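Here are a few exercises to work through with the viewer open. Try each task before you read its solution.

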Amino acid sequence: MTPARAWSVALVGMEGTMVEVEAAIGGGLPRTILVGLADTSLNEARDRCKAAVASTGVGWPSQLLTINLSPATLPKTGAHYDLSIVAAVAAADGRLPKGALEGLVLLGELGLDGRVRAVRGVLPALLAAASNGFSRAIVPATQVGEAQLVQGITVWWVRDLADVMEVLAGRPVLLPAIESATPVEPSEVKDLIDVVGQVEAKWALEVAAAGRHHLFFHGPPGVGKTLLAERLPGLLPDLDLPEALEVSAIHSLAGCGLDDGLVIRPPYSDPHHSASLASLVGGGARVAMPGSVSKAHRGVLFLDEAPEFSPRVLEALRVPLESGQIVLGRSAAQATYPARFQLILAANPCPCGMAATKGAQCQCAPMAIRRYAQRVSGPVLDRIDIHQHLRPLRRSYLEAALAAGEPTAVVADRVRAARDRQRRRLSALGWRTNGEIPGPALRRKLRLPVGFELLDDAVAQGRLSARGVDKVLRLSWTIADLAGADHPSRSHLRTALAMRRGESLEASHGRS
Ligand SMILES: [Zn+2]
């Protein structure tokens, strides 16, 4: 008895490892044994595969059948090994032509009736297969678009076990699908022109978009904090190809589906304040799945009513904000997911939301207001570059609505130009945006702005913390980039200081 081999992929975090599925027949009482580190879902796989095979009229070997998944040390979870198990068994049983499984990777879960079901992580799994020299893949029919995003792999898509057997027998009824996987245009961009008034807040959003700065919107309910946050992704440039593949792989693992092809627009994630720690940072029983912070990778994470989030959840943002990734330890393995997002927070001035609104009745005790404001504290607040206070419209709504603002396309053009300036200046140093330059490099490798003593004064007067100095410097570069200037002027610096301190720009120099 020579064992037969088929291949699948185990995913731990974003990392895929090839899994060899061996099947050997004979040598004992008729039964099926599954070896290799297997969780419950894998043991279920044995029964599922048997039932699916029986339903198609193909026999399951009636002798001792040993199935081994290796490397044994690797945690293997999920139902996507079904197809590779059935293929290895068929080969061991002598039903497949020689070489049928060579260079082939199989992904797919089987239903009891033999149907092939979609699985998570097809994109990262095939990326791993391609880099390990595999050239062919069998995937569930509904996921062919996702599979075809991977270069160098011929993809066969299958609806049921009968399709699988046809492909393996060398009689593919379904030729490799040839429709191209060109990215589809995003359906509808939320346009900035729909936000009435709030000129300063729109400017803050533009600066945040241009330099990739973290932003905090303060203001009573109904002034447009959420409307503005939702419009940030529309201002950001497209992802480049490596970024798009990375983001798409995360979304594939999270089970979001990639029906529209590669994710080329920066993603937007806005978890509710009742969200659990696991759904925010990622979690799961044995192997952790990506959470909101990873789904927002290379995009925007918006926490509306930030003080309402549990302190544990807010505290958990600290690591990804610092390192751009999140490591989730689980019993089976440690999974690492990228989580480099732009953070937008929004908060009401008090629990009832009415404080600071003229003529409104705030019912909150002063103590409650203070406690509310302190709920977003320390490490997270430290990371915020821009504080922007929004006030209710002073003019009549109609008047403000008639005064046309700028559409997203116009602002996005300015953002793109500012990003180009940053890339030209920073690429040699290894960064792309002002928001990601580390403090020491900011002070030593880039020229200090004219009027730097302004910041010294602010620190001396206790209006700015030492850490705040770096933030103001980063912001001043972005403001200069938006203005098309080669380096920040005194006026840019003053505007940056006001934005960091959450002061009205009318009082300072405002936009040049
Ligand atoms: Zn109140």
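Keep in mind throughout that this is a predicted model.

**Exercise 1: Get your bearings**

Describe the overall make-up of the chain: how many helices and strands are there, and what share of the residues is buried?

Solution. Start with the secondary structure: the chain has 21 helices and 18 strands. Next, the extent: along its principal axes, the C-alpha trace spans about 85 × 50 × 45 Å. Then burial: 44% of the 512 residues count as buried. Finish with the contacts: take those between residues at least 6 apart in sequence, and 71% of them join residues at least 24 apart.

**Exercise 2: Strand β8 and its partners**

Find the strands that pair with β8, and say which residue of β8 is the bridge partner of Val105.

Solution. Begin on one side, with strand β5 (residues 104-106): three bridges join β5 to β8, and the two run parallel. Val105 has Ala137 of β8 as its bridge partner. Now look at strand β9 (residues 154-158), which pairs with β8 in the parallel sense over five bridges. Here Pro140 has Val158 of β9 as its bridge partner. As for burial, β8 (residues 136-140) is mostly covered, with four of its five residues buried.

**Exercise 3: Walk across a five-stranded sheet**

Trace the open sheet of five strands and work out its order. Which strands lie at the edges?

Solution. The order is β11-β14-β17-β10-β18, with parallel pairing. Its edge strands are β11 (268-269) and β18 (386-389), each pairing on one side only.

Now go pair by pair:

- β11 is joined to β14 by two bridges, and Tyr268 has Val300 of β14 as its bridge partner.
- β14 pairs with strand β17 (residues 342-347) over four bridges, in the parallel sense, and Leu301 is matched with Leu343 of β17.
- Strand β10 (residues 215-218) is linked to β18 by four bridges, again running parallel, and Leu215 stands opposite Ile386 of β18.

One last step concerns the faces. In a regular strand, side chains alternate between the two faces of the sheet. Check β14 (residues 300-303): Val300 and Phe302 are on one side, Leu301 and Leu303 are on the other, and all four are buried, so both faces are covered.

**Exercise 4: Look into the core**

Which residues of the largest nonpolar core touch the most other members, and which helix supplies the largest share?

Solution. The core has 138 residues, and Val86, Ala88 and Ala137 touch the most other members. Helix α2 (residues 82-92) supplies the largest share, nine residues. At least three core residues come from each of domain 1 (4-168) and domain 2 (192-436).

Zoom in on Ala88 and skip its neighbours within four places in sequence. That leaves contacts with Ala4, Arg5, Ala6, Val21, Glu22, Ala23 and Ile67.

**Exercise 5: Classify a helix pair**

How do helices α6 and α20 cross, and which residues make the contact?

Solution. Two packed helices are described by the angle and the distance between their axes. For α6 (residues 199-211) and α20 (residues 466-483), the axes come within 9 Å and cross at roughly 100°. Angles of 65 to 115 degrees count as roughly perpendicular, so α6 and α20 are roughly perpendicular to each other. On the α6 side, the contact is made by Glu206, Val207, Ala210 and Gly211. On the α20 side, the residues are Arg474, Leu475, Thr478, Ile479, Asp481 and Leu482.

Key:
Residues numbered from 1 in each chain as written. Predicted model: local features only at pLDDT ≥ 70, side-chain atom pairs only at ≥ 80, totals over all residues. Buried ≥ 20, exposed ≤ 12 C-beta atoms within 10 Å, placed from the backbone. Pairing = 2+ DSSP bridges. Core = buried A, V, L, I, M, F, W, Y, C linked by C-beta atoms within 7 Å. Domains from an automatic or database assignment. Contact = placed C-beta atoms within 7 Å. Axes fitted to C-alpha atoms, helices over the stretch in contact; angles between N-to-C directions. Parallel < 35°, antiparallel > 145°, perpendicular 65-115°, else oblique.
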